[in-house]
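Visitor: I am new to this one. Please show me the structure, and then let me ask about it.

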Amino acid sequence: MAKKDISQAAEKVAAADKKKDKKPANPNGNFFVRAGKAIKKFCKDIKGEIKKIVWPDAKTVLKSTAVVLAAVAICGVAIYGVDWLLSQGLSLLERAAQSIGESASSDTATTTAAAQGLISLANSFIG
């Protein structure tokens with residue numbers, strides 16, 4: 001019978017330990033409570049960050065604007081120059097290809113005329 005008493009006592013101790021280990025559902029509240037707290041903290045942080053902003057004066061804004069416009073103009077001129085150079089190079093290649101094609105066609109015409117002359121000469125010897 002002592003064994004039954006020991007096992008019953010062990011079960012009671014284990015049950016008590018389980019009750020102690022059981023955590024509450026959520027100590028911070030439900031989802032909506034936590035979301036409300038988070039939104040409130042977020043808005044408070046935003047307000048603090050906005051106070052830290054240092055806005056430039058009008059003179060600084062105008063100088064910065066002038067620098068940006070000058071940089072854009074310089075880049076635009078550089079891009080235009082590269083585009084112009086590439087288009088001139090392409091037109092030069094185009095003219096070179098046309099002149100080579102014309103000389104090749106004139107060579108072909110000359111070769112054809114010479115071949116016909118040889119054929120007529122050969123026909124005159126044969127016939």
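Visitor: Is Lys52 buried or exposed?
Guide: Keep in mind that this is a predicted model. The relative accessibility of Lys52 is 59%. The cut-off for exposed is over 50%, so Lys52 counts as exposed.

Visitor: Which residue meets Lys52 in a salt bridge?
Guide: The bridge joins two side chains, at 3.4 Å from N to O. Both residues lie in helix α2, 3 residues apart, about one turn of the helix. The partner is partly exposed, with a relative accessible area of 47%. The partner of Lys52 is Glu49.

Visitor: How many salt bridges does the count come to?
Guide: One of them joins Glu49 and Lys52. The side chains of Lys41 and Asp45 also meet in a salt bridge, at 3.2 Å from N to O. The count comes to 2.

Visitor: Where do Lys41 and Asp45 lie?
Guide: Lys41 is exposed, at 52% relative accessible area. Asp45 is partly exposed, at 40%. The two are 4 residues apart, about one turn of the helix, and both lie in helix α2.

Visitor: Which elements does the chain run through from the N terminus on?
Guide: The secondary structure comes to 3 helices and 0 strands. Helix α2 covers 31-52, and α3 covers 58-126. From the N terminus on, the order is α-α-α.

Visitor: Where does Trp55 lie, and is Trp55 buried or exposed?
Guide: Trp55 sits in the loop between α2 and α3. Its relative accessibility is 70%. Exposed means over 50%, so Trp55 counts as exposed.

Visitor: What is the area of the nonpolar surface patch that Trp55 helps make?
Guide: Trp55 shares the patch with Phe42, Ile46, Ile50 and Ile53. Together these residues make a nonpolar surface patch of about 570 Å².

Visitor: How many disulfides does the structure hold?
Guide: A disulfide is a covalent bond between the sulfur atoms of two cysteines. Cys43 is partly exposed, at 44% relative accessible area. Cys75 is partly exposed too, at 47%. The number of disulfides is 0.

Visitor: What percentage of the chain is made up of buried residues?
Guide: The chain has 127 residues. To count as buried, a residue must be under 20% relative accessible area. Buried residues make up 0%.

Visitor: How much of the accessible surface belongs to carbon and sulfur atoms?
Guide: The accessible surface of the chain comes to about 11900 Å². The share of carbon and sulfur atoms is 69%.

Methods:
Residues numbered from 1 in each chain as written. Predicted model: local features only at pLDDT ≥ 70, side-chain atom pairs only at ≥ 80, totals over all residues. Heavy atoms only, no water. Buried < 20%, exposed > 50% of the residue type's maximum accessible area, 1.4 Å probe, protein only. Areas by Shrake-Rupley, 256 points an atom, 1.4 Å probe, with all protein chains shown as cover. Disulfide = S-S within 2.5 Å. Patch = residues over 30% accessible without salt bridge, like charges linked within 9 Å, V, L, I, M, F, W, Y side chains within 5 Å. Salt bridge = Lys/Arg side-chain N within 4 Å of Asp/Glu carboxyl O.
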